[in-house]
Amino acid sequence: MTAIITIFEIEFAGKEEVSRKVEQLSSDVKKIEGAYIYSPKSGKLMEFLSVLRENKIAYGTHFNTLE
């Protein structure tokens, strides 16, 4: 089961360092209109979510159960 995190672009306004950090913690990043979809690296989900919470970034979490 893989976690999928969705974050709207506006959440990273003025927080470029946070954006870079979550990209480093991700195995896959996709940009869709107005948002990013991240797949955190194996074992990095809690660290990924902690970075978002510490920086007051709103996000949505889903899980891919087809794997």
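## A four-stranded sheet and its two helices

Let's start with a single pairing: Thr 6 has Gly 60 in β4 as its bridge partner. Keep in mind while reading that this is a predicted model. The contact between Thr 6 and Gly 60 belongs to a wider match, since β1 and β4 pair in the antiparallel sense over 5 bridges.

### The sheet

Zooming out, there is an open sheet of 4 strands, ordered β2-β3-β1-β4 and paired antiparallel. At its edges sit β2 and β4 (60–64), each of which pairs on one side only. Going from one strand to the next, the twist averages 25°. As a reminder, strands of a sheet pair through backbone hydrogen bonds, either parallel or antiparallel.

Here is how the pairings look, strand by strand.

| Strand pair | Sense | Bridges | One facing pair |
|---|---|---|---|
| β2 and β3 | antiparallel | 6 bridges | Val 29 and Tyr 38 |
| β1 and β4 | antiparallel | 5 bridges | Thr 6 and Gly 60 |
| β1 and β3 | antiparallel | 4 bridges | Ile 7 and Tyr 36 |

Two tyrosines of β3 turn up in that table: Tyr 38 is the bridge partner of Val 29, while Tyr 36 stands opposite Ile 7. Ser 39 is also in strand β3. Is Ser 39 buried or exposed? With a relative accessibility of 15%, Ser 39 counts as buried. Leaving aside residues up to four places away in sequence, Ser 39 touches Thr 2, Ala 3, Ser 26, Ser 27 and Asp 28.

### Helix α1

Now for the helices. α1 lies across β2 and β3, and it runs at about 125° to β2. The buried residues of α1 are Val 18, Ser 19 and Val 22. These residues cover an arc of only 100° around the axis, so they sit on the same side of α1. Their cover includes β2, β3 and α2. On the face of α1 turned away from the buried side, you'll find the exposed residues Glu 17, Arg 20 and Gln 24.

### Helix α2

Helix α2 (residues 45–54) has its own buried set: Phe 48, Leu 49, Val 51 and Leu 52. Looking down the axis of α2, those buried residues fall within an arc of 155°, so they line one face of the helix. They pack against β1 (2–8), α1 (16–24), β2 (26–32) and β3 (35–40). The face of α2 turned away from its buried side carries exposed Met 46 and Glu 54. Just past the helix comes Lys 56, with a positive phi near 55°.

How does α2 sit relative to the strands? β2 and β3 pair over 6 bridges, and α2 packs on the sheet, touching β1, β2, β3 and β4, with its direction at about 15° to that of β1.

### The core

Which residues are best connected inside? The largest nonpolar core has 13 residues, and the ones that touch the most other members are Ile 5, Ile 7, Phe 12, Val 22, Tyr 38, Phe 48 and Leu 52. β1, α1, β3 and α2 each supply at least two residues of this core. Which element gives the most to this core? That would be α2, with 4 residues.

Phe 48 is worth a closer look. Not counting residues up to four places away in sequence, Phe 48 touches Ile 5, Val 22, Leu 25, Ser 26, Tyr 38 and Pro 40. Val 22, one of those contacts, is also among the buried residues of α1.

### Aromatics

How many aromatic pairs does a search of the whole structure find? There are 4 aromatic pairs. One of them joins Phe 12 and Tyr 38 edge-to-face, with 6.4 Å centre to centre and 75° between the planes. Phe 12 is in the loop between β1 and α1 and Tyr 38 is in strand β3, so this pair ties together parts that are 26 residues apart in sequence. Both rings belong to buried residues: Phe 12 counts as buried at 7% relative accessibility, and Tyr 38 counts as buried at 0%. Phe 12 and Tyr 38 also join Tyr 36 and Phe 48 in one aromatic cluster.

Tyr 38 is a handy residue to track through the model: a bridge partner for Val 29, a contact of Phe 48 and a member of the aromatic cluster.

Technical notes:
Residues numbered from 1 in each chain as written. Predicted model: local features only at pLDDT ≥ 70, side-chain atom pairs only at ≥ 80, totals over all residues. Heavy atoms only, no water. Buried < 20%, exposed > 50% of the residue type's maximum accessible area, 1.4 Å probe, protein only. Arc of directions from axis to C-beta. Contact = heavy atoms within 4.5 Å. Phe/Tyr/Trp six-rings, centres within 6.5 Å; stacked < 30°, edge-to-face > 60°. Pairing = 2+ DSSP bridges. Axes fitted to C-alpha atoms, helices over the stretch in contact; angles between N-to-C directions. Core = buried A, V, L, I, M, F, W, Y, C linked by side-chain atoms within 4.5 Å.
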